[in-house]
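Student: I am new to this structure and would like a close look at one part of it, taken slowly. Could you start from a single residue and work outwards from there?

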Amino acid sequence: MLKEKKKEFVGTFATAKRMFGKVLECDGGKMHTFITLIHSIMDSLVPLVYTIFPGLIINDLAVLEVSRSLAIHTVILIVTPLLHTIAGAFLDYVDHPYYRGINLQLQRNFEEHILRMDYEQLENPEIQDLKSRASDVLRNQSGIIGTLCGLVGAFAALISIVSIISYLNPLIVVLNVIIVAINTVLTKRRDKKQYEMNKAVQAKEREGNQISWNLSSMDYAKDIRLFGIGSFLLGRRVKAVKEQNVETQKVNVSAQKYHVLQSFINVINEGIMYALVIFEVIYSGLSVGSMTIFLSAARQFSSTLSQFTNIYVRFAGNVYKYDEYNRFMTMEQTQYGSGTLHPRIDKNSTIEFKNVSFKYPHSDRHILENFNLKVKLGEKLCIVGENGVGKTTFVKLMTRLYSPSDGEILLDGIDVKEYDYREYLSVFTAVFQDSKDFSLTVGENIALTDNYDEEKLDEVCESSGFDSLVKKLKKKYKTQVGKWLDPEGINLSGGELQRMTISRAAYHGGDIYLLDEPTAALDPKAEYEIYSTFHEMTSGKCAVLITHRLSAVQLADKVAVFADGHVAEYGTHSELYAMGGIYRDMFDKQAEFYREA
């Protein structure tokens, strides 16, 4: 038992040191720590004035005359709250920029770490859960200084109060230590039990919040009205809240039981203290004023000792959270930490998948297995196949968002891991079916910067057909996308968003264009126009096009048919159609559908 407590203390101390060090590394961290320490000691010692001076005033009054000491004691008691408030306000004023700066720097470090994490890590649900818990710690990380300084301040107050109480009767100190120890054990048991009980509360809370989001979000508004499921969802929401209330009541009842027990123990403590003090007054000549001081000091000792232990217990109980934060922040960033070569792309360059196998984390099924394909960067490649055969995974592997489980991917005969990651990514530009807009203006959404070339924007928007919308906008490229930040902003339809995304790809350019179902939200006429634009936009460059609409394959130099985790057929449109295999069957079925339509 003792070894476990020692291990817990050592672990807590090590975690405190590590978290404390992270704050000290920030600009202003040392000054914030100093100010917080002064503030904590002041807050802990000022209550001693309220403990000692009322008793001194009573003793002064006992002589039934106005004295200099009475005046001094009275003035000190009166002005202390004012001086405390002024000093606290001044310290807060001085500390505010340091505190906010530290929070901003810690938040930025956290977000920069996320930006540099491997994409495959971020897609892992377990890593997402860890990130969420680390984010909770981040919000309170700067408070670690206040917590630790609070311990120092409480300790300083304890030393002062013990010196007062021990003068009267050391048994009061022993008694209070025993009572606080019992209350600490009860508090730990209560917190542990409430933690387990709160899991049921949180589960019902998540259910209720999710349904509430369904009811209030515009994403679901049309379906709710068209299918008339508002009452059904509202009923589920009310049911979840009622069940949450039941679980919350259980938690409250459990907490009240512990509160009653602790109050009973405190009554015993108070009774013994009064008995000791009254005995001293009657039989040892202790003055009434001194009795008041000792009673107040005893209560202050009990309160401060409880504060001291509660701070430690609360921090020790959160050590695993801080350790998880540290584990998240020290996760290896494989992609950004690998490669130093500079890619040099020309029309003779190739990207080759050589015996590549890949399966997603926590899955036994290979999406690609012993996969081989060579992409010539002077050609346009169209990839077709049923859903789930690895088309999008192929793009993720090509762009190093994922690393192969086996095999290797080569650029001009060199493993892509040997290239500088940022420079390698700059080779690509992409348009995805699920591309997103950002909370930026139209121009910033396309250029992805606030310093853009408006003439170039005009050119790319005209080529994608997005200019027809831009011309209608009052603020043109300065129009906010979305109405969350600006009521005069614009909510883009699926087709408009896709055209803006295409404009983005054209603005940034690149040696390799990746087009993953880029026209899924467009009508046939717009689709034809976009593909014609793509053809001109990628002239002399490599384009990898993933599509279900086989009318687009005739714009490609080569077609790769994916099936069962490998390339089942490869060649030109004419060659594959003549083969009479998978490709011809897919092409004929789509042609038949359009003829019937």
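Tutor: Asn 355 lies in strand β1 (residues 350-358), where strands are DSSP runs of E with at least two residues and helices are runs of H or I with at least four, both numbered from the N terminus. This is a predicted model, in which local features need pLDDT of at least 70 and side-chain atom pairs count only at pLDDT 80 or more, while totals for chains, interfaces and linings use all residues. Residues are numbered from 1 along each chain as its sequence is written, and side-chain values use heavy atoms, with hydrogens and water left out.

Although Asn 355 is not a glycine, its phi is positive, at about 50°. Most residues other than glycine have a negative phi. Asn 355 is partly exposed, because its relative accessible area is 38% and the class covers values between buried (under 20%) and exposed (over 50%), computed with a 1.4 Å probe on protein chains only. Asn 370, which is not a glycine either, also has a positive phi of about 50°; Asn 370 belongs to strand β2 (residues 368-376) and counts as partly exposed at 46% relative accessibility.

The strands that hold these two asparagines are partners: β1 and β2 run antiparallel and are joined by six bridges, two strands being paired if DSSP finds at least two bridges between them. Within this pairing, Glu 352 has Lys 374 of β2 as its bridge partner. β1 is also joined by five bridges to strand β4 (residues 406-411), again antiparallel, and there Phe 353 has Ile 409 of β4 as its bridge partner. Strands of a sheet pair through backbone hydrogen bonds, either parallel or antiparallel.

Looking outwards from here, there is an open sheet of six strands with mixed pairing, in the order β6-β7-β8-β3-β9-β10. Its edge strands, which each pair on one side only, are β6 (428-432) and β10 (566-571). A parallel pairing in the chain is that of strand β3 (residues 380-384) with strand β9 (residues 558-563), joined by four bridges, and Leu 381 has Lys 558 of β9 as its bridge partner.

Helix α17 (494-508) lies across β6 and β7, running at about 175° to β6; such angles run from 0 to 180 degrees between N-to-C directions, and axes are lines fitted to C-alpha atoms, for helices over the stretch in contact. Helix α15 (residues 454-464) packs against α17 at an angle of about 130°, with their axes 9 Å apart. The two helices are therefore oblique to each other, a class left over once angles under 35 degrees count as roughly parallel, over 145 as roughly antiparallel and 65 to 115 as roughly perpendicular. Among the residues that meet here, with contact meaning heavy atoms within 4.5 Å, are Leu 457 and Val 460 in α15 and Ile 502 and Ala 506 in α17.

Finally, the largest nonpolar core has 42 residues, and those with the most contacts inside it include Val 384, Val 442 and Phe 466; such a core is a set of buried Ala, Val, Leu, Ile, Met, Phe, Trp, Tyr and Cys residues joined through side-chain atoms within 4.5 Å. α17 supplies the largest share of this core, six residues. Leaving aside residues up to four places away in sequence, Val 442 touches Phe 466, Val 470 and Leu 473, among others.
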